[in-house]
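This report is meant for a reader who is meeting the structure for the first time. It goes from charged pairs to the core, then to the backbone and a pocket.

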Amino acid sequence: MSLRKVTFRTKESEAAQWRCGGTKLVETEVEVVSDIRVGLIGVGSIAQVAHIPNLKELGVKVVAVCDVVEERANQIAEQHGIPHVYRDYRQLLKRDDVDAVVVSTPTATHYPIVTAALKAGKHVLCEKPPSMNEREAERMAELADQQKLVLMYALHMRYRRDSQAARKLADQGELGEVYFGRALYLRRRGAPGGWFSRKELSGGGPLLDIGVHVIDLTWWLMGKPKPLSAAGFTFLKIGEKGLRLDRGWQSADVREKREQEIVYDVEDFAGGFIRFENGSVLLFEVSWQLNAPEQWGVTLCGTKAGVSLPPLKLYTEVLGEPVTVDLRVDEGNAYREEMREFLACLREGRRPLTDALDGVTVMKMLTALYRSAEQGKEIAIK
């Protein structure tokens, strides 16, 4: 395995040495692997559907897999020709021939696994949501900077082709001043079951599971303004009685019929808004179970035009008359582009599009929304 030295630019606070595009940066050197070897920690549904196929397509060598369900780990290893299998992630992290790990485990385990991986000198791609709360996300970001390692979160909706096109429109000024964003992800009956509906393992319901995707995407499309406050509400009204475990996305334990007891103590439905320093507002609704039409999408409204997806449409004016333009940009393979970004960051020594600092801000917003729902008032975000 060959290594090369590259410049790794990291955001700093007051200790920065210069400014670049308004963002303070400091240069350090980091070793970047030219032939990246990956270990997988957690090989449940998302690893099987998204990560393994795209790693293989991109020609990446998967050295080892780890899962608390040994039978599952052995089956995946045999199916994909992966030579080493572990039940304890700490044993996998001891391997010198693993340069990076992909963490696809229940949310409650992200913090201990990611911190252990960073301390072991491994770059990390971690599934969403980043953590159980903002404090964990902050500590992981600090450790990644200290170790000079890449920590990236799998917020794959930013990597969709239509998302990228919408961001380009905003960046080029086609929308004018973007002052309002709306994020929707409503499932009528779409709770995954398994660990997802156990608060001690997941941290929350649809707000953390799918809300994190559309809230992050909308915030990013709005230009990542600084959040000032949040007001949220949550409902648990349907719960276990509405579970349809034969439909939609499922946790691996449910699909493999390993769940002996159903626990459902998270919300069915959440909504609210986030205020930003520049005066803009993000409004959202997300559900696993709601007696309403199923839909998902993002809308941005600006002073010159608006945009929504999917499908990608531009709402503008021609000769003073409102015109809707169908931009005909599909979603592409966001999971592949997400993985391509992770690998490119390791080779080039740069921060990813969905980096650890963005993970901190996303968790600040989500944590504030849950706190607001509990206290029944708008919560300041610091």
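## A buried charged pair across the chain

Asp209 is a charged residue that has a relative accessible area of 8%, so it counts as buried. The model is a predicted one, and in it Asp209 forms a salt bridge with Lys128, with the closest N and O atoms 2.6 Å apart. This pair links distant parts of the chain, since Asp209 belongs to helix 8 while Lys128 sits in the loop between strand 8 and helix 5, 81 residues apart. Is Lys128 buried or exposed? Its relative accessibility is 14%, and because the limit for a buried residue is 20%, Lys128 counts as buried.

Helix 8 also holds Asp216, which has a relative accessibility of 1% and therefore counts as buried. Leaving out residues up to four places away in sequence, Asp216 touches Leu155, Arg158, Gly211 and Val362.

## Other salt bridges

The structure holds 20 salt bridges, and a few of them show how the surroundings of the partners can be described. Arg72 pairs with Asp67, the closest N and O atoms being 3.0 Å apart. Arg72 has a relative accessible area of 6% and is buried, and Asp67, with a relative accessible area of 6%, is buried as well.

In helix 6, which spans residues 161-171, Asp171 and Arg167 lie four residues apart, or about one turn of the helix. A salt bridge joins Asp171 to Arg167, with 2.9 Å between the closest N and O atoms. Asp171 is exposed, with a relative accessible area of 53%, whereas Arg167, at 17% relative accessibility, counts as buried. Elsewhere, Glu57, Arg336, Glu337 and Arg340 are joined into one network by salt bridges that share partners.

## The nonpolar cores

In soluble globular proteins, nonpolar side chains tend to be buried together. Here the largest nonpolar core has 77 residues, and those with the most contacts inside it are Leu92, Val101, Val124, Leu151, Leu207, Phe284 and Leu366. Which element gives the largest share of this core? That share, 10 residues, comes from helix 8, the helix in which Asp216 is also found.

Val101 shows what surrounds one of these core residues: when its neighbours within four places in sequence are left aside, Val101 is in contact with Gly39, Ile41, Leu92, Leu93, Ala117, His123, Val124, Leu125 and Phe342. Apart from the largest core lies another core, of 27 residues, among them Val38, Tyr159, Met339 and Phe342.

## Backbone features in the loops

Most residues other than glycine have a negative phi, and most peptide bonds are trans. Against that background, the peptide bond from Lys128 to Pro129 is cis, with omega near -15°; Pro129 is placed in the loop between strand 8 (123-127) and helix 5 (134-147). Lys128 is also the residue that forms the salt bridge with Asp209. A further cis peptide bond joins Pro310 and Pro311, where omega is about -10°, and Pro311 is found in the loop between strand 15 (306-309) and strand 16 (313-318).

Positive phi values are seen in Lys224 and in Arg328, neither of which is a glycine. Lys224, with phi near 55°, lies in the loop between helix 8 (206-221) and strand 11 (227-235), and because its relative accessibility is 30%, Lys224 counts as partly exposed. Arg328, with a phi of about 55°, is found in the loop between strand 17 (321-326) and helix 10 (334-348); with a relative accessible area of 72%, Arg328 is exposed.

## The second largest pocket

Rolling a probe the size of a water molecule over the atoms shows where empty space is left. The second largest pocket has a volume of about 410 Å³. It is lined by 14 residues, of which Trp219, Lys226, Pro227, Leu357 and Thr361 are the closest to its centre.

How do the residues of this lining divide into nonpolar, polar and charged? Six are nonpolar, two are polar and six are charged. The largest share of the lining, five residues, comes from helix 11, which covers residues 356-375.

Methods: Residues are numbered from 1 along each chain as its sequence is written. This is a predicted model: local features need pLDDT of at least 70, side-chain atom pairs count only at pLDDT 80 or more; totals for chains, interfaces and linings use all residues. Side-chain values use heavy atoms; hydrogens and water are left out. On a 1 Å grid over the protein atoms alone, a cavity is a set of points where a 1.4 Å probe fits but cannot get out, and a pocket is an open set with protein on both sides within 12 Å along at least five of seven lines; lining residues have an atom within 4 Å of a point. Grid points are joined across faces, edges and corners, and a volume is the space filled by probe spheres set on the points. Helices (H or I, at least four residues) and strands (E, at least two) are DSSP runs, numbered from the N terminus. Buried means under 20% relative accessible area, exposed over 50%, partly exposed in between (1.4 Å probe, protein chains only). A salt bridge is a side-chain nitrogen of Lys or Arg within 4 Å of a carboxyl oxygen of Asp or Glu. A nonpolar core is a set of buried Ala, Val, Leu, Ile, Met, Phe, Trp, Tyr and Cys residues joined through side-chain atoms within 4.5 Å. Contact means heavy atoms within 4.5 Å.
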